[in-house]
Amino acid sequence: MQAKLAADAIPLTKKRNSWIRTIKKYKVMYALLFPALLYFAVFKYVPMAGIIIAFKNYNLALGLWDSPWVGFRNFTDFMNGVYFWDIMRNTIIISLYKLLFGFSAPIILALLLNEVYTQWFKKIVQTITYLPHFLSWVIVYGMMVALLAPGDGLFNMILKEAGVEPISFLTEPAWGRLLIILSEIWKDIGWGAILYLAALAGIDPSLYEAARIDGASKWRQLWHVTLPGIRGVMILMLILKLSHILDAGFDQIFMFANSFNQEKIDIIDTWVYREGLERLKIGLATAVGLFKAVIGFVLVLAANKLAKKFDGQIW
């Protein structure tokens, strides 16, 4: 019996010694990695203990552990609420629009910039397009007011001069979602294109030379060389975006929403803000956050599965 235990302990000892040797060999790399691991452990994983609030009628006076347990009542209250289908529909529609147009816009910009051979012009366009990324949504909304205000907005002043009735872009429900999508694209198209430009720079130029020798046109080169060269980055970015499919953008919606257009652009995050912080229904707000996280996790797994099936790459 003792001989058998000693024999079983030999592979474990070898694995432990191999692990120790690996750490010693790459100790500098592990030292650089340690602060990032510590950050995620402290600020990402430890707070997960707060998920228990989703199953309690949380009371600030009683605290986390003494608040009464209510099971799945917070989830059922959310799903049976009057506004559930309205905010779910708004969230999904806005998120899908952002995924469809916001995902493809940086790719198109990167492909266009990749065909520009005048370097100074290319750098100017890049700078102009990615600078809006650093503006807060407060500043962006202020710019929208200056341009689209019904009274003295620049665009409406032009319409008045042309004899056309002013349009209340910022309060009309019909314009709400369009402004959300367009402002999102304008703000992040340049920043998103940087990653694709880096991927395009990594494509072997000899592939283009071979395609030209074979008589491939620009469109054929794009389809058979360029797009396959950045396919991996595209799939990775799609997976990351799918994980946030229910995050339609709290900061942006919070700035653009008002009592006139709220019915069309009110989303889960803004509703949670009102319920959780204004009405102090913290248990309900936590339940909704957990609900979103589970859906995002499932979508990431599904997207990763499809990526492996159709592309053969493992992320």
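# Pockets, cavity and helices of a predicted model

The lining of the largest pocket counts 19 nonpolar, five polar and four charged residues by class. The model described here is predicted. The pocket in question has a volume of about 1,000 Å³, and the structure also holds one cavity of 30 Å³ or more. An unreviewed UniProt entry annotates residues 88–303 as "domain: ABC transmembrane type-1".

**Largest pocket**

- The largest pocket takes up about 1,000 Å³, and 28 residues line it.
- M48, S243, H244, A293 and F297 are the lining residues closest to the centre of the largest pocket.
- Four helices each supply at least two residues of this lining: α2 (27–45), α11 (218–242), α14 (268–278) and α15 (282–311).
- Helix α15 gives the most to the lining of the largest pocket, with 11 residues.

**Second largest pocket**

- The volume of the second largest pocket is about 650 Å³.
- Its lining is made of 24 residues, and those nearest the centre are G102, E184, D188, M237 and K241.
- Two or more residues of this lining come from each of α5 (84–114), α9 (173–201) and α11.
- Helix α9 provides the largest share of the lining of the second largest pocket, eight residues.
- By class, the lining of the second largest pocket divides into 13 nonpolar, six polar and five charged residues.
- Helix α11 is thus named for both pockets: it supplies at least two residues to the lining of the largest pocket, and it gives two or more to that of the second largest pocket.

**Cavity**

- The structure has one cavity of 30 Å³ or more, and the space in the largest cavity is about 30 Å³.
- The residues that line the largest cavity are F169, L170, G176, L179, F256, N261 and I265.
- Five of these lining residues are nonpolar and two are polar, while none is charged.

**Helices α7 and α8**

- The axes of helix α7 (residues 137–148) and helix α8 (residues 154–161) come within 4 Å and cross at roughly 10°.
- Angles under 35 degrees count as roughly parallel, so α7 is roughly parallel to α8.
- On the α7 side the contact is made by A146, L147 and L148, and on the α8 side by L154, F155 and N156.
- By class, the contact of α7 with α8 has five nonpolar residues, one polar residue and no charged residues.

**Annotated regions**

- The span annotated as "domain: ABC transmembrane type-1", residues 88–303, is 77% helix and 0% strand, and its end C-alpha atoms lie 21 Å apart.
- In an unreviewed entry, UniProt lists residues 28–55, 92–113, 134–151, 189–210, 222–240 and 282–303 under "transmembrane region".
- Residues 28–55, one of these listed regions, are 64% helix and 0% strand, with end C-alpha atoms 43 Å apart.
- Residues 282–303, another of the listed regions, are 100% helix and 0% strand, and the end C-alpha atoms of this span lie 31 Å apart.

Note on methods
Residues numbered from 1 in each chain as written. Predicted model: local features only at pLDDT ≥ 70, side-chain atom pairs only at ≥ 80, totals over all residues. Heavy atoms only, no water. UniProt positions renumbered as here; feature names shortened; annotations may be inferred. 1 Å grid on protein atoms, 1.4 Å probe; cavity = no way out; pocket = protein on both sides within 12 Å on 5 of 7 lines; lining within 4 Å. Points joined across faces, edges and corners; volume = space filled by probe spheres on them. Nonpolar A, V, L, I, M, F, W, Y, C, P; charged D, E, K, R; others polar. Axes fitted to C-alpha atoms, helices over the stretch in contact; angles between N-to-C directions. Parallel < 35°, antiparallel > 145°, perpendicular 65-115°, else oblique. Contact = heavy atoms within 4.5 Å.
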